[in-house]
Amino acid sequence: MTANSEIGAVFEAGEPAFIPYLVAGDPEYEASLEYIEALERGGADIIELGLPFSEPIAEGPTIQNAIVRSLEGGMTPDRFFSFVEELDVEIPLVCMTYYNLIYQYGSESGPRPFVERAAEAGIAGLVVPDLPAEEADPLRDACDEYGLDLVFIVAPTTRGDRLETIMEQVSGYVYVQARLGTTGAREDVSDQTDESLARLREWDVPKAVGFGIKTGEHAERIVSAGADGIIVGSALVDIVAEGAESGESTEAVADRLEAKARELKEGALRGVPTAESSD
Amino acid sequence: MTTDDTNGQFGGYGGQYVPEALMPAIEELRDAYERYVLENEDGFMNELRAHLADFGGRPTPLQRADQLSERYDTEVYLKREDLLHGGAHKLNNALGQVLLAKYMGKERIIAETGAGQHGTATAMAAAHLDMPCEIFMGETDIERQRPNVFRMELNGATVTPVTTGRGTLKEAISETMRDWATNVEDTHYVIGSIVGPDPFPEMVRDFQSVIGDEAHEQILAKTGDAPDSIVACAGGGSNTMGAFHEFRDKEDVDLIAVEAGGSSLEVDEEAGVAPNSATLSTGEEGVLHGARTKLLQDEDGQIMESHSVSAGLDYSGVGPELAYLVDEGRVDAVNVDDEVALESFHRVSRLEGVIPALETAHAFGYLEENPDAVGDVTIVNVSGRGDKDLETVVEETKAHDLDVETASTVLQEAGE
């Protein structure tokens, strides 16, 4: 499933994937388009694009605030799809949102209309933090019908049978949650990351680690621990928030995002085990 | 304990829609619920019943309301959950869950609260059972329910203000879920109503079903028969299902859930606000806080801010089982507005010497407006006492310019 998808092709290329996240429309629509494009220039391989939901129970304060800014700017699922269509990027886009927005979209009840529209707009995959694998059959079916990958999160608490259930549903990549809690940049890398990656070693789906990654050093450390990719959200959203608060120009914020993206991508590349180090 | 083998599903409502980090804890909780609550392993239920009797003060009385009976020309009985320790039905569930957390080896209790009744009950139960406790409460609710905040703190709980959104119950639940996702390994989240992911809706209902069990026995003793109707207010729905569950299969007993009609049933789509909390009457199916249920939401699926003069009813969702029973036609969902509830608060206090919670005043409001709809014998579940609401009632009575006989006295006393 993975190898045939747009997302699968990124991982097939062999480099560690750098997957940044921003909330679409944060702090407002036009600037947000520029920010996403800056991430691609900085070396993003896939972008997770947040479609804001009013009750983001898996998010920490940084992303909660970004969601509020975007919603106050009038972001809706329909505007989100227009946003995606307007974006000038070549890399795959993954939509990250909560299940109620997917469930409500369109006139027909259930996830199918949302997935159909997402596919039409060019979305390559979905991550839905409040949809565990047990509840995912209808969305899985719709994603299969329209060729989208469905990414699932594995938490530090996920063990045993639950891993099996997730393995049956996941495609594209598995989002390895580096630590318990909500999203948010941290000063260190959790040891839980190594344990989580060890539990998934046998899976043939790419493993991308997220939650708390902030610097190039973090990225290096996580790739060297065996991750196939890194996911970075809050550290980038912080840059958008600072720009919005200080009245910085869109161009200046975009430049900072591009530089941060480059730092993270280069960090990830440094983490690739060399022939010498793997001896 | 009673249960249906629903496996967390109520006709398509229910389920488990939570972040992956919480799923193992929810599975662990379902296992503990089945073992200790349903099968009474290690004598859990015996211990809980003893706590409910000795610490909680169960059974609560079923009182004939003489003046209301005369006014409505029907037999009105009050199930006096306001006389439970802490002043509300909430202790039934809080004691059950805190004790269960102890049996599970958890070391910390967290809870959310709207009106403060659930937070108070949880803080009391945690103090009684010697567990550290943190309560999340929206800053708006902290402002309008100060006596309960003080009570929680007196019982040793930390009250953490939630500043996101409008600072009410919806935001407090989201914040408590975030804490739980961070500290899930040693912490139990005591959800305060029949909402949230499976097994909470079933488990909380079972802990609250003692209300209907007792009421049934008591009404049989007093009248020799089941009542014609049971009236209970409905926010999330725990006192509602607690009172209804015993009577679910008795089709000749009408079950009437009274929601908060707020200031209007009309929705302000532009502002994303429903000026009511009438989820059963006006909500649409969706997914929030771990379950598929009826919600106040806009056409995109964004959750609307709700409103009620009563903080305890001010919630955009409702328990999935209640949503199902309304769809099935087993429960009638009705609503009364803020003014009717306020008037009832004064009336019942004056006529019966019982100061009901503003939540419960909605149930009495329905009785006032529809005395012919409840049959010859009705039980009103007095979900809690109104002491916590006095400040709100004073302000709102003035704001609504209500012509209430006792209002001037209340206002005068408050000004002293």
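## Helix H14 of chain B

Let's start with a helix in this predicted model. Helix H14 of chain B covers residues 338–352. How far apart should the ends of its 15 residues be? At 1.5 Å a residue, the helix should span 21 Å, and the end C-alpha atoms are 21 Å apart, so the expected and computed values agree.

Is this helix mostly enclosed or mostly open to the outside? Eleven of its 15 residues are buried, so H14(B) is largely enclosed by the rest of the structure. The buried set includes nonpolar residues such as Val340(B), Ala341(B), Leu342(B), Phe345(B) and Val348(B). Asp338(B), Arg347(B) and Glu352(B), which count as charged, are buried too, and so are Ser344(B), His346(B) and Ser349(B).

Have a look at both ends of the helix as well. At the start of H14(B), Asp337(B) has a side-chain oxygen within 3.2 Å of the backbone nitrogen of Glu339(B). Just after the helix comes Gly353(B), with a positive phi of about 70°.

## A buried histidine

Next, find His289(B) in the loop between strand E11 (284–288) and strand E12 (290–295) of chain B. Is His289(B) buried or exposed? Its relative accessibility is 4%, and because buried means under 20%, His289(B) counts as buried.

The side chain of His289(B) has polar partners. One polar contact, of 3.0 Å, is with the side chain of Ser174(B); another, of 2.9 Å, is with the side chain of Tyr315(B).

Which residues touch His289(B), leaving aside neighbours within four places in sequence? From chain A come Glu55(A) and Ile57(A). From chain B come Lys170(B), Ile173(B), Ser174(B), Met177(B), Gly196(B), Pro197(B) and Tyr315(B).

## The largest pocket

Now for the spaces in the model. The largest pocket has a volume of about 880 Å³, and 32 residues line it. Nearest its centre are Ser54(A), Leu71(A) and Glu72(A), together with Gln302(B) and Ile303(B). Two elements give two or more residues to this lining: helix H3 (61–72) of chain A and helix H8 (169–183) of chain B. H3(A) provides the largest share, six residues.

What kinds of residue make up the lining of this pocket? Twelve are charged, ten are polar and ten are nonpolar.

## Cavities inside the model

There are eight cavities of 30 Å³ or more. The largest cavity holds about 320 Å³ of space. It is lined by 31 residues, and those closest to its centre are His89(B), Lys90(B), Gly192(B), Gly236(B) and Gly312(B). Strand E5 (108–113), helix H5 (117–128), H8 and helix H11 (238–244), which belong to chain B, each give two or more residues to the lining. H11(B) gives the most, with three. By type, the lining of the largest cavity has 17 polar, eleven nonpolar and three charged residues.

The second largest cavity contains about 140 Å³ of space. Of its 18 lining residues, Ile63(A), Tyr175(A), Thr183(A), Gly233(A) and Ser234(A) are the closest to its centre. Strand E8 (229–232) and helix H11 (234–246) of chain A each supply at least two residues. This lining divides into ten nonpolar, six polar and two charged residues.

Notes: Residues are numbered from 1 along each chain as its sequence is written. Chains are lettered from A and ligands numbered from 1 in the order in which they are written. This is a predicted model: local features need pLDDT of at least 70, side-chain atom pairs count only at pLDDT 80 or more; totals for chains, interfaces and linings use all residues. Side-chain values use heavy atoms; hydrogens and water are left out. On a 1 Å grid over the protein atoms alone, a cavity is a set of points where a 1.4 Å probe fits but cannot get out, and a pocket is an open set with protein on both sides within 12 Å along at least five of seven lines; lining residues have an atom within 4 Å of a point. Grid points are joined across faces, edges and corners, and a volume is the space filled by probe spheres set on the points. Helices (H or I, at least four residues) and strands (E, at least two) are DSSP runs, numbered from the N terminus. The expected span of a helix is 1.5 Å times one less than its number of residues. Buried means under 20% relative accessible area, exposed over 50%, partly exposed in between (1.4 Å probe, protein chains only). A polar contact is a pair of N or O atoms within 3.5 Å; within protein, one must be able to donate a hydrogen and the other to accept it, and residues adjacent in sequence count only if both atoms are side-chain atoms. Contact means heavy atoms within 4.5 Å.
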